[in-house]
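User: Could you take a close look at one part of this model for me, the second domain and how its helices sit together? I'd enjoy a connected walk through it, with a little of the surroundings for context.

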Amino acid sequence: MSRQHACPEELLAFALEGEPLNLAAHQHLAGCPWCQQQVACYQKVATYLVSRLYRSRCPSATTLSYYCLPGALSAEERHQIAEHLAHCPLCASEYAETRQLLETS
Ligand SMILES: [Zn+2]
Ligand SMILES: [Zn+2]
């Protein structure tokens, strides 16, 4: 067995983007614990990065409550938050709760 390990770039693309591996790399991966571990490791890092990015883009609770008050934020800020709410279930539910609180008080 003189074959080298699969190319790290291919493994990375496979782990992160789900790009299909070429046949040789695919067969190699199936029989190589080291490369399998590389893929698992890349995927772990990717999951971590995505979750960090996701959280760090969330507006603060204060900003969200300002969003409920007319005129408290600039049009630009409101637009950004509206876009974020459309993609982030965490903030969307927090926003719904805040609105409810404000409306019933
Ligand atoms: Zn390998
Ligand atoms: Zn969010």
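Analyst: Happy to. In this predicted model, the centres of domain 1 and domain 2, taken over C-alpha atoms, are separated by 38 Å. The domain assignment places domain 1 at residues 8-53 and domain 2 at 61-104. A single pair of residues gives another view of the spacing: H28 and C68 are 40 residues apart along the chain, and 55 Å lie between their C-alpha atoms. H28 belongs to helix α2 (residues 23-31), while C68 is one of the α4 residues that meet α6.

That brings us to the part you asked about. Helix α4 covers residues 61-68 and helix α6 covers residues 89-104. As general background, a packed pair of helices is described by the angle between the two axes and the distance between them. Here the angle is about 55 degrees and the axes are 9 Å apart. An angle of 55 degrees falls neither under 35 degrees nor in the range from 65 to 115, so α4 and α6 count as oblique to each other. The crossing of α4 past α6 is right-handed.

Which residues make the contact? From α4 come A61, L64, S65, Y67 and C68, and they meet C91, E94, Y95, T98, R99 and L102 of α6. The general rule behind such a pattern is that an α-helix has 3.6 residues a turn, so residues three or four places apart point the same way.

Now for helix α5, residues 75-87. At 1.5 Å a residue, its 13 residues should span 18 Å, and the end C-alpha atoms are 19 Å apart, which agrees. This helix is hardly covered, since just one of its 13 residues is buried. E76 sits in α5 and counts as exposed because it has 8 C-beta neighbours inside 10 Å, where 12 or fewer is the cut-off. From E76 to E94 there are 18 residues in sequence and 21 Å in space, C-alpha to C-alpha. E94, as listed above, is one of the α6 residues in the contact with α4.

Finally, a little context from elsewhere in the chain. Back in α2, H28 is partly exposed because it has 19 C-beta neighbours inside 10 Å, and 20 would be needed for buried. N22 lies in the loop between α1 (8-17) and α2; N22 is exposed, with 12 other C-beta atoms within 10 Å. N22 and A6 are 16 residues apart in sequence, and their C-alpha atoms are 9.8 Å apart in space.

Definitions and conventions: Residues are numbered from 1 along each chain as its sequence is written. Chains are lettered from A and ligands numbered from 1 in the order in which they are written. This is a predicted model: local features need pLDDT of at least 70, side-chain atom pairs count only at pLDDT 80 or more; totals for chains, interfaces and linings use all residues. Domain bounds come from an automatic or database domain assignment. Helices (H or I, at least four residues) and strands (E, at least two) are DSSP runs, numbered from the N terminus. The expected span of a helix is 1.5 Å times one less than its number of residues. Axes are lines fitted to C-alpha atoms, for helices over the stretch in contact, and angles run from 0 to 180 degrees between N-to-C directions. Angles under 35 degrees count as roughly parallel, over 145 as roughly antiparallel, 65 to 115 as roughly perpendicular and the rest as oblique. A crossing is left-handed if the near helix is turned anticlockwise from the far one by less than a right angle, and right-handed if clockwise. Two residues are in contact if their C-beta atoms, placed from the backbone, lie within 7 Å.
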